[in-house]
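Q: I'd like to learn how to read the packing features of a protein model. Could we take them one by one?

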Amino acid sequence: MAFTLSIYPWVHIAKYSDDGWTAHFVEKGHRTPAEEAALSDRERTELVEGRNSFPELPLVNYTSQYGLGCFEGLKAFPQKGAGLKLFRPDRNAARMARSMRGLMMPAIDEDLLVDGIIGTVKKNAEIGFTMAYDPAWEDDHWQSGGAVYVRPFSYSEPGIGVNLSEYPWVITVNTPVTAYFDPGRHAAVTTDMVRATPLGTGWIKCDSNYVIPTLAKKKALDAGYMEAIFLDARNGENIEEGSSCNFFCLLDNDSLVTPSLEDTILPGITRESVITLARDRGITVEERTLSITEVMEAGRECFVTGTAAGIAPLGSITHHDRKRKFSSVDKDSLSTSLLKELKGIQYGELEDRFGWMVTV
Ligand SMILES: *Cc1c(COP(=O)(O)O)cnc(C)c1O
């Protein structure tokens, strides 16, 4: 993906203590964006790496040693008119708090985190670190569109014994992003690896949940696919998610189905928004168990959803060496139409009918 880590200067640092949460903004070392672009690679790397260094944070802690941490990801979209708007930051703050409770640590104050999210994007834009709207993105319905990516994450206090984090930080950084999946690649494959088990942490957006998907996705990419699809841990039969995206299938009976939010499914904000858009059109949306057999037999279109990808239509799924094609990538498909609507709202071409966009 075009996730080049190039942290923008302004970051937000929140910290929990016995007195509760406190937070401040920090301006890391920088020049103007034009001056930085003119630097030699070595000088620029040094400057940007300096912004990724937080000497006040302990290296040895429960996050770096045992994966006890969680995070969020959301985008500020350059608007077709002008300026930037964030997509549903309140939902990310709520999920971050829920993830932290799931990891048995003090939950972030949601309003404080929303202030950090909006504040970093605003302060960075004021000093020129932002993303300008490019009308060329409209050619592929913004699938290759850029954005300012906002990444809040938790980080524990120092410690070496296996312990819970009682006094976490929540750091929020910004970095530019462009398209997630390579344009033109739409083939997915099921994996026999297991992302999440019942009674586990699959519902939490935690660091440790990303280990298996990273391995499975690498295998899928090496085999020529763009995405790995996870099946349930018990039977290897029911669809759960993509490697870090929620899964949808439009069946031949015109019903749009997505796995219900049991404890192995991550409650995606894009998932939630796509359900709203589809129901608003009068489409029947079912949140329920969805087997790979049903998708292979009665699926017409499939797509995965997430902040990074938005909506990514799947042209085929290969399961146990059998390849099934779908019409998801066709111009007149529901997948393409939902993609255009979601991105149209996010990039300011369409009216924000559900009040999702927050001006920076
Ligand atoms: C973050 C994530 C998603 C997508 O969530 P969005 O809020 O739509 O970005 C889906 N699945 C997993 C496992 C995730 O971590």
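A: Happily, starting with the largest cavity, which holds about 100 Å³ of space. On a 1 Å grid over the protein atoms alone, a cavity is a set of points where a 1.4 Å probe fits but cannot get out. Points are joined across faces, edges and corners, and the volume is the space filled by probe spheres set on them. This is a predicted model, where local features need pLDDT of at least 70, side-chain atom pairs count only at pLDDT 80 or more, and totals for chains, interfaces and linings use all residues. Residues are numbered from 1 along each chain as its sequence is written, and side-chain values use heavy atoms, leaving out hydrogens and water.

Q: Which residues line the largest cavity?

A: Lining residues have an atom within 4 Å of a point. Here they include Phe 77, Phe 87, Ile 269 and Gln 346. Strand E3 (74-78) gives the largest share, 3 residues (strands are DSSP E runs of at least two residues, helices H or I runs of at least four, numbered from the N terminus).

Q: How do the axes of helix H4 and helix H5 cross?

A: Two packed helices are described by the angle between their axes and the distance between the axes. Axes are lines fitted to C-alpha atoms, for helices over the stretch in contact, with angles from 0 to 180 degrees between N-to-C directions. H4 (residues 89-102) and H5 (residues 110-126) have axes that come within 9 Å and cross at roughly 130°. They are therefore oblique to each other (not under 35, over 145 or 65 to 115 degrees). Among the residues in contact (heavy atoms within 4.5 Å) are Ala 93 of H4 and Leu 113 of H5.

Methods: On a 1 Å grid over the protein atoms alone, a cavity is a set of points where a 1.4 Å probe fits but cannot get out, and a pocket is an open set with protein on both sides within 12 Å along at least five of seven lines; lining residues have an atom within 4 Å of a point.
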